[in-house]
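Here is a quick tour of one protein model. Have a look at the fold first, and then we'll go through a few spots inside.

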Amino acid sequence: MPTETTLEYDAVVVGGGPAGATVATLVSLRGHRVLLLEKERFPRYQIGESLLPSTVHGVCQLLGVTEELERAAFTVKRGGTFRWGSNPEPWTFAFAISPKFAGEGATAYQVERMKFDQILLDNARAKGVEVREQCSVLDVVEEDGRVTGVRFADQDGVRHTVLARHVVDASGHKSRIHPKVGGKRVYSEYFRNIALFGYFLGGKRMPPPNQGNILAAAFEAGWFWYIPLTEELTSVGAVLRQEELERVQGDREQALLSLVDECPLIADYLTGARLVDSGPYGEIRVRKDYSYSKESFWRPGMVLVGDAACFIDPVFSSGVHLATYSALMAARSVNTALRDPSAEQAAFEEYEARYRHEYALFHDFLVAFYDMHQDEESYFWKAKRVTHHTATEIEAFVELVGGGASGETALINAGSYIERRDFQELTEIVESPVLAQGEDRNLLQASLARSVVKAGARIQVQAAMGENVDEVLPMREGGLVPSLDGMHWTAPAA
Ligand SMILES: Cc1cc2nc3c(=O)[nH]c(=O)nc-3n(C[C@H](O)[C@H](O)[C@H](O)COP(=O)(O)OP(=O)(O)OC[C@H]3O[C@@H](n4cnc5c(N)ncnc54)[C@H](O)[C@@H]3O)c2cc1C
């Protein structure tokens, strides 16, 4: 088989899902050369359709896709409705309960992932990432204990080698290269579920303003999700305990329909609805959504993000939040190490600490949430306990399940980073050496503009934004904090 030439980049990202597209874009935005390799041709099907405010108004705003998401006209989700625990009646929470998600930030979207993931991948391209689809990564390249690149096969089966200072594995739960980071994938004792899911046309909607909410309904064998994707189309899935495995091993359509019959609330919502039987939504799929976490998230030259690092049960729709949050944290680490290689270890330790912490919040809360003998007040109290929140129990719960518990500024006030990033870029242009007469000199490089921006930037930014707590206080002793533009890590001010 012919082997093509060796390519060289600052970073190579494996996988073009939400994690891969996010990390690639945020590294490229700092001017680095990034290659993203994706095995499939987009749009491709993926499960994980219910998003959180932290993704929509936080990371997606940082990436610059707010308008594209609005144009896609995804279903607006204001919160969740649960038939869960000892309360026989459904109960509803709204993101608006938390002051952190006030105003426009109090919503999220239910998305068709084929469309959502395409938007993020196209945006990565538009922001300078070189995206190659139908390229399957086969292995990593190693030298002197460091990962220095990957080998991949393109759509014609031709093999290539890419050398890069950083390899980011964002290839999801099916990652074939995660073992190269070392350590095992450790599976959770609590969440060993099986999901069986399909799509219906014509299902009922909840009364306004909750018609876009996710509905989760517990029943004897497990629980159902019911996600309104469009006015007509609904994603419906049963998450079953491991003991129910046999039920999904025969005819999947029959299995799904008989499970629907066992859950009166979902059966009622699907009265008169029709199972989709063609196209990408025509297949009834099974996923063992066992939860896991890798023992290590990085080693020199390589980092795992999103599902490649860990996955947690889908009841709170946290998958894309964790994927994009970890991608943001990893992008900071890659940017930091590219600027100053001696800072690599501290930067990736910060990444791992923050991703583990966020994952643990969901994991620990979910263990309590699966205790069906409790009512919602008790779940809210548990959320307050795991997050050490000082506000009310319900606020603590909403903040956690909205993806805002980390207090990360980028997730709850992304606008402040965008303005600072713009100022920073402006300042960098102004401070760059002025070229000789006759060469390309733009207005910003003129000395007048330079002095105005220099004097004004810091004062204006501070006056406009104030200080964000997470930029002053590290998450752990000896830890780092985000830089002013949110694109690197830095030591906290003494
Ligand atoms: C039953 C179930 C229900 C869920 N529901 C929700 C939900 O409602 N909301 C939510 O937020 N999350 C949900 N999730 C979780 C969600 O699906 C994932 O967490 C999310 O897709 C992770 O994003 P990612 O970018 O890490 O990985 P992915 O989205 O899996 O993307 C990985 C990409 O890498 C590519 N790839 C794989 N191998 C290679 C290779 N060798 N070379 C190149 N490319 C490769 C793949 O083609 C893919 O495009 C659910 C999960 C399950 C199992």
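Which residues of H10 are buried?

## Helix H10

They are Glu 395, Ala 396, Phe 397, Val 398, Glu 399, Leu 400 and Val 401. Bear in mind that this is a predicted model. Helix H10 spans residues 393–401, and with seven of its nine residues buried, it is mostly covered.

What does the covering? Strand E5 (91–94), helix H8 (344–369) and helix H9 (376–387) are among the elements that lie over the buried residues of H10. Just past the end of H10 sits Gly 403, with a positive phi of about 90°.

## Helix H2 and its partner H4

Helix H2 runs over residues 53–63. Nine of its eleven residues are buried, so H2 is largely enclosed by the rest of the structure. The buried set consists of Pro 53, Ser 54, Thr 55, Val 56, Gly 58, Val 59, Cys 60, Leu 62 and Leu 63. Just after H2 comes another glycine with a positive phi: Gly 64, at about 85°.

H2 packs on helix H4 (residues 113–126), with the axes 11 Å apart and an angle of about 25° between them. An angle under 35 degrees counts as roughly parallel, and the two helices therefore run roughly parallel to each other. On the H2 side, Thr 55, Cys 60 and Leu 63 make the contact, and they meet Phe 116, Leu 120 and Asn 123 of H4. Sorted by type, the residues of this contact are four nonpolar and two polar, with no charged ones.

## A cavity inside

How many cavities of 30 Å³ or more turn up in a search of the whole structure? The search finds one, and the space in the largest cavity comes to about 60 Å³.

Its lining draws on many parts of the sequence: Leu 52, Lys 77, Gly 80, Phe 82, Phe 93, Phe 95, Ile 214, Val 315, Phe 316, Ser 317 and Val 401. Val 401 is also one of the buried residues of H10. By type, the lining holds eight nonpolar residues, two polar and one charged.

## Around strand E22

Pro 482 lies in strand E22. Is Pro 482 buried or exposed? Its relative accessible area is 2%, so Pro 482 is buried. Beyond its neighbours within four places in sequence, Pro 482 is in contact with Arg 332, Arg 354, Glu 408, Tyr 417, Asp 470, Glu 471, His 488, Trp 489 and Thr 490. For a sense of scale, Pro 482 and Ser 175 are 29 Å apart in space, C-alpha to C-alpha, and 307 residues apart in sequence.

His 488, one of those contacts, is found in the loop between strand E22 (481–482) and strand E23 (489–490). With 3% relative accessibility, His 488 counts as buried too. Leaving aside neighbours within four places in sequence, His 488 is in contact with Arg 30, Arg 332, Asn 335, Thr 336, Arg 339, Val 481, Pro 482 and Ser 483. Arg 332 thus appears among the contacts of both His 488 and Pro 482.

## A buried arginine in H12

Arg 421 is found in helix H12 (residues 414–431). This arginine counts as buried, at 10% relative accessibility. Not counting residues up to four places away in sequence, Arg 421 touches Leu 26, Leu 29, Leu 62, Asp 485 and Met 487. One of these, Leu 62, is among the buried residues of H2.

Notes
Residues numbered from 1 in each chain as written. Predicted model: local features only at pLDDT ≥ 70, side-chain atom pairs only at ≥ 80, totals over all residues. Heavy atoms only, no water. Axes fitted to C-alpha atoms, helices over the stretch in contact; angles between N-to-C directions. Helix = DSSP H or I, 4+ residues; strand = E, 2+ residues; numbered from the N terminus. Parallel < 35°, antiparallel > 145°, perpendicular 65-115°, else oblique. Contact = heavy atoms within 4.5 Å. Nonpolar A, V, L, I, M, F, W, Y, C, P; charged D, E, K, R; others polar. Buried < 20%, exposed > 50% of the residue type's maximum accessible area, 1.4 Å probe, protein only. 1 Å grid on protein atoms, 1.4 Å probe; cavity = no way out; pocket = protein on both sides within 12 Å on 5 of 7 lines; lining within 4 Å. Points joined across faces, edges and corners; volume = space filled by probe spheres on them.
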